[in-house]
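Biologist: I'd like to learn how to read a model like this one, feature by feature. Please take me through it at bench pace.

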Amino acid sequence: MKTIEVVAAIIQNGDKILATQRGYGDFKDGWEFPGGKVENGESLENAIIREIKEELDAEIKVNHFLHTVEYDYPQFHLTMHCFICELIKGEFTLLEHEAARWLTKEELDKVNWLPADVEIVHILKRNM
């Protein structure tokens, strides 16, 4: 099975976490933590900074590593490295997603998360 390695930003603003809704592909309309594929030779931290710039036209600060999710989708295995981050300037623009929401711990279950992101939601609910 093909393995895809990605990074995801758990962007915090006070007691809220940013969730984004995919606007394309097989998982269109599913909610996720923003991020994307790691390029050859790229560090995980540089990958997440680049991906957030490409997807949200935003600059982030990577605060710390949270967790790596290993998840088997029918067509591929996903390795997703998740980092707690914050926006440097506090603003973003949706370039690839169709919607975004800032969610409190109590609101995390209000969106339909993609399967691989559910594990991170459970971790956040225990630790926020």
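**Reading the model**

Modeller: Let's start at one residue: D57, which comes just after helix α1, takes a positive phi of about 50°. Bear in mind that you're looking at a predicted model.

Biologist: Then confidence comes before anything else. What is the mean pLDDT of the protein?

Modeller: The general idea is that where pLDDT is low, the predicted coordinates should not be read in detail. Here the mean is 95, and 100% of the residues reach 70 or more. By element, β6 has the highest mean, 98, and α2 the lowest, 95.

Biologist: Now the layout. How many helices and strands are there in the protein?

Modeller: Two helices and seven strands. Follow the chain along the sequence and you read β-β-β-β-α-β-β-β-α.

Biologist: And the overall form? What radius of gyration does the protein have?

Modeller: You hold the value up against a rule for globules. A compact globule of 128 residues would come out near 14 Å, and this protein has 13 Å, so the two agree. Along its principal axes, the C-alpha trace spans about 40 × 30 × 25 Å. Buried residues account for 45% of the 128. For contacts at a separation of 6 or more, 67% join residues 24 or more positions apart.

Biologist: Back to α1. How far apart are its end C-alpha atoms?

Modeller: They're 18 Å apart. That agrees with what you'd work out for 13 residues (44-56) at 1.5 Å a residue, because the expected span is also 18 Å.

Biologist: Which residues of α1 are buried?

Modeller: The idea to carry with you is that an α-helix has 3.6 residues a turn, so residues three or four places apart point the same way. In α1 the buried ones are A47, I48, R50, E51, I52, E55 and L56. They pack against five strands: β1, β2, β4, β5 and β7.

Biologist: K53 is in that helix too. Is K53 buried, partly exposed or exposed?

Modeller: K53 has a relative accessibility of 41%, so we call it partly exposed. Leaving out neighbours within four places in sequence, K53 is in contact with A58 and L95. L108, 55 residues away in sequence, sits 24 Å from K53, C-alpha to C-alpha.

Biologist: Let me try a residue in a strand. H97 is in β7; is H97 buried or exposed?

Modeller: Buried, because its relative accessibility is 7% and the cut-off is under 20%. Set aside residues up to four places away, and H97 touches T20, Q21, R22, G23, E32, P34, E55 and L56. Take R22: it's 75 residues from H97 in sequence, yet their C-alpha atoms are 4.8 Å apart.

Biologist: Last one, the interior. Which residues of the largest nonpolar core touch the most other members?

Modeller: Think of a core as a network and look for its hubs. In this 25-residue core they are I10, F33, L78, M80, W113, I120 and L124. At least two core residues come from each of β1, β2, β6 and α2, and α2 gives the most, with five. L124 is a good one to click on: beyond its neighbours within four places in sequence, L124 is in contact with I10, I17, F33, L66, I84 and L108. Apart from this core lies another, of 14 residues, including I11, L18, V38 and I60.

Key:
Residues are numbered from 1 along each chain as its sequence is written. This is a predicted model: local features need pLDDT of at least 70, side-chain atom pairs count only at pLDDT 80 or more; totals for chains, interfaces and linings use all residues. Side-chain values use heavy atoms; hydrogens and water are left out. Helices (H or I, at least four residues) and strands (E, at least two) are DSSP runs, numbered from the N terminus. The expected span of a helix is 1.5 Å times one less than its number of residues. Buried means under 20% relative accessible area, exposed over 50%, partly exposed in between (1.4 Å probe, protein chains only). Contact means heavy atoms within 4.5 Å. A nonpolar core is a set of buried Ala, Val, Leu, Ile, Met, Phe, Trp, Tyr and Cys residues joined through side-chain atoms within 4.5 Å. The radius of gyration is taken over C-alpha atoms; the globule rule is 2.2 Å times the number of residues to the power 0.38. pLDDT is the predictor's confidence in each residue, from 0 to 100.
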